[in-house]
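Dear colleague,

Please find below the structure for your review. A short account of the findings follows it.

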Amino acid sequence: MIYPYHGVTPTIAKSAFIADYATVTGDVTIGEKSSIWFNTVIRGDVAKTIIGDRVSIQDNSTLHQSPNNTLIIEDDVTVGHQVILHSSIVRKNALIGMGSIILDGAEIGEGAFIGAGSLVPPGKKIPPNTLALGRPAKVVRELNENDYKEMERVRTEYVERGQYYKKMQEERKQGS
């Protein structure tokens, strides 16, 4: 469902896939070939949310903000199932593992990997190209070639899968 909030309607690229039962409301921008999966909620009713190109926000995730504190997700980011992102910045090519929570003012560096179930506290900066995990998240090592390959595999598969679902969604609408 796409809802305006106080006259502001989400801006969604034509190539983006928004799954049935996902909710996007208010001051939200979603880029090309991005995918918003089933039961995800993105509320742009407090501040702006900017989602870049080829970003996947997977099932049951929640994106929101604090007043005057934009949530920014740059290009080619993978956000796993049941993630909470709140007024933070996720730099390009990062991967946020399933069930993680990223809080206000946190910044996930370019190409960083946040392990599943991690909590990145307010204001915490995770350096680029590192693996961080835990509650609170701590950097445990630099990423290696195998990590980058796996992150690229997941990213590519979600772009392809999202485009497949987008095509099916359009065909279903034409057939109605």
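I begin with a contact between a charge and a ring: Arg161 is placed over the face of Tyr158, 5.0 Å from the centre of the ring. Please bear in mind throughout that the model is predicted.

Tyr158 also belongs to a cluster, in which ring pairs join it with Phe17, Trp37, Phe38, Tyr164 and Tyr165. In the whole structure, the search returned eight aromatic pairs. One of them is formed by Phe17 and Phe38, in an edge-to-face arrangement with 6.3 Å from centre to centre and 70° between the planes. This pair links distant parts of the chain, 21 residues apart: Phe17 is in strand β3 (residues 17–18), while Phe38 is in the loop between β5 (35–36) and β6 (41–51).

Phe38 also pairs with Tyr165, again edge-to-face. Here the ring centres are 5.9 Å apart and the planes stand at 75°. Because Phe38 lies in the loop between β5 and β6 and Tyr165 in helix α1 (residues 145–175), this pair ties together parts that are 127 residues apart in sequence.

As to the accessibility of these three rings, Phe17 has a relative accessible area of 3% and therefore counts as buried, the limit being under 20%. Phe38, at 26% relative accessibility, is partly exposed. Tyr165 is likewise partly exposed, its relative accessible area being 32%.

I turn next to the nonpolar cores. The largest has 31 residues, of which Ile51, Ile73, Leu85 and Ile108 touch the most other members. Strands β4 (23–30), β6 and β9 (71–73) each contribute at least two residues to this core. It is β4 that provides the largest share, namely three residues.

Which residues does Leu85 touch, when those up to four places away in sequence are not counted? The contacts of Leu85 are Thr62, Leu63, His64, Leu71, Ile73, Val79, Val90 and Ile102. Ile73 thus appears both in this list and among the residues of the largest core that touch the most other members.

Apart from the largest core there is another, made up of nine residues, including Ala19, Trp37, Leu95 and Leu143. Trp37 is accordingly a member of this second core as well as of the aromatic cluster described above.

Yours sincerely

How values were computed: Residues numbered from 1 in each chain as written. Predicted model: local features only at pLDDT ≥ 70, side-chain atom pairs only at ≥ 80, totals over all residues. Heavy atoms only, no water. Phe/Tyr/Trp six-rings, centres within 6.5 Å; stacked < 30°, edge-to-face > 60°. Helix = DSSP H or I, 4+ residues; strand = E, 2+ residues; numbered from the N terminus. Buried < 20%, exposed > 50% of the residue type's maximum accessible area, 1.4 Å probe, protein only. Lys NZ or Arg CZ within 6 Å of the ring centre and 35° of its normal. Core = buried A, V, L, I, M, F, W, Y, C linked by side-chain atoms within 4.5 Å. Contact = heavy atoms within 4.5 Å.
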